[in-house]
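This report looks at how charged and aromatic side chains pair with one another. Please keep the sequence and the structure in view while reading.

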Amino acid sequence: MNEPEVVIHLDGDRRVYWPGDVLSGEFHCESLSLADPQSVELSVMWYTDGQGDEDLGVHYFQRFARDDESAIDFRRPQRFSTVLPNSPLSYDGVLIHLFWCVRVRMFLARGKEGVAEQLFRLGHVPQVSLAALEEPLP
């Protein structure tokens with residue numbers, strides 16, 4: 001069996017959003033049979049990368065679990081929408097980076113999973129350069 005390919009599409013093909021904006025889009029999975037997924041999790045979240053401890057926070061979470069009454073066909077687009085918070089803002093610093101993303105995790109039989117992320121920016125914080133940090137204060 002091929003590993004599933006999770007595809008995430010943000011409405012309007014935007015990559016920069018502002019606090020209070022609506023982030024919406026859809027996801028689907030290619031190379032998948034209807035019976036494959038045991039559950040699917042969609043998260044709109046942020047995480048840090050860089051020096052020190054890595055941190056993360058989940059702003060929006062939706063779980064789709066298989067039940068006997070209604071099977072969701074994840075080969076068809078599944079919609080999502082959330083209003084973005086005021087913080088934290090995306091940040092590209094010298095020592096740390098803060099990323100926002102839409103992450104879809106698809107849990108399959110026998111412990112396998114498919115994961116995809118679509119990065120986006122929340123707000124605009126000017127990038128800090130190492131040279132700016134080395135300049136003497138006035």
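In this predicted model, the side chains of R63 and E41 meet in a salt bridge, with 2.8 Å from N to O. The pair links distant parts of the chain, since R63 belongs to strand β5 and E41 to strand β4 (residues 37–50), 22 residues apart. R63 counts as partly exposed at 45% relative accessibility, whereas E41 is buried, with a relative accessible area of 16%.

The structure holds seven salt bridges, and the table lists three of them, including the one just described.

| Salt bridge | Closest N and O atoms |
|---|---|
| R63 and E41 | 2.8 Å |
| D92 and R121 | 2.9 Å |
| E26 and R79 | 3.6 Å |

D92 lies in strand β7 (residues 91–92) and R121 in strand β9, so their salt bridge ties together parts that are 29 residues apart in sequence. E26 in strand β3 and R79 in strand β6 are 53 residues apart, and these two residues are linked with D11 in a network of salt bridges.

Aromatic rings form pairs as well, and the structure holds six of these. The ring centres of F27 and F74 are 6.3 Å apart and their planes meet at 20°, so this pair is stacked; both residues are buried. W100 and F120, by contrast, form a tilted pair, with 6.0 Å from centre to centre and 35° between the planes. W100 is buried, with a relative accessible area of 1%, and F120 is buried at 5%. Together with Y17, W100 and F120 form one aromatic cluster.

Terms used. Residues numbered from 1 in each chain as written. Predicted model: local features only at pLDDT ≥ 70, side-chain atom pairs only at ≥ 80, totals over all residues. Heavy atoms only, no water. Phe/Tyr/Trp six-rings, centres within 6.5 Å; stacked < 30°, edge-to-face > 60°. Buried < 20%, exposed > 50% of the residue type's maximum accessible area, 1.4 Å probe, protein only. Salt bridge = Lys/Arg side-chain N within 4 Å of Asp/Glu carboxyl O. Helix = DSSP H or I, 4+ residues; strand = E, 2+ residues; numbered from the N terminus.
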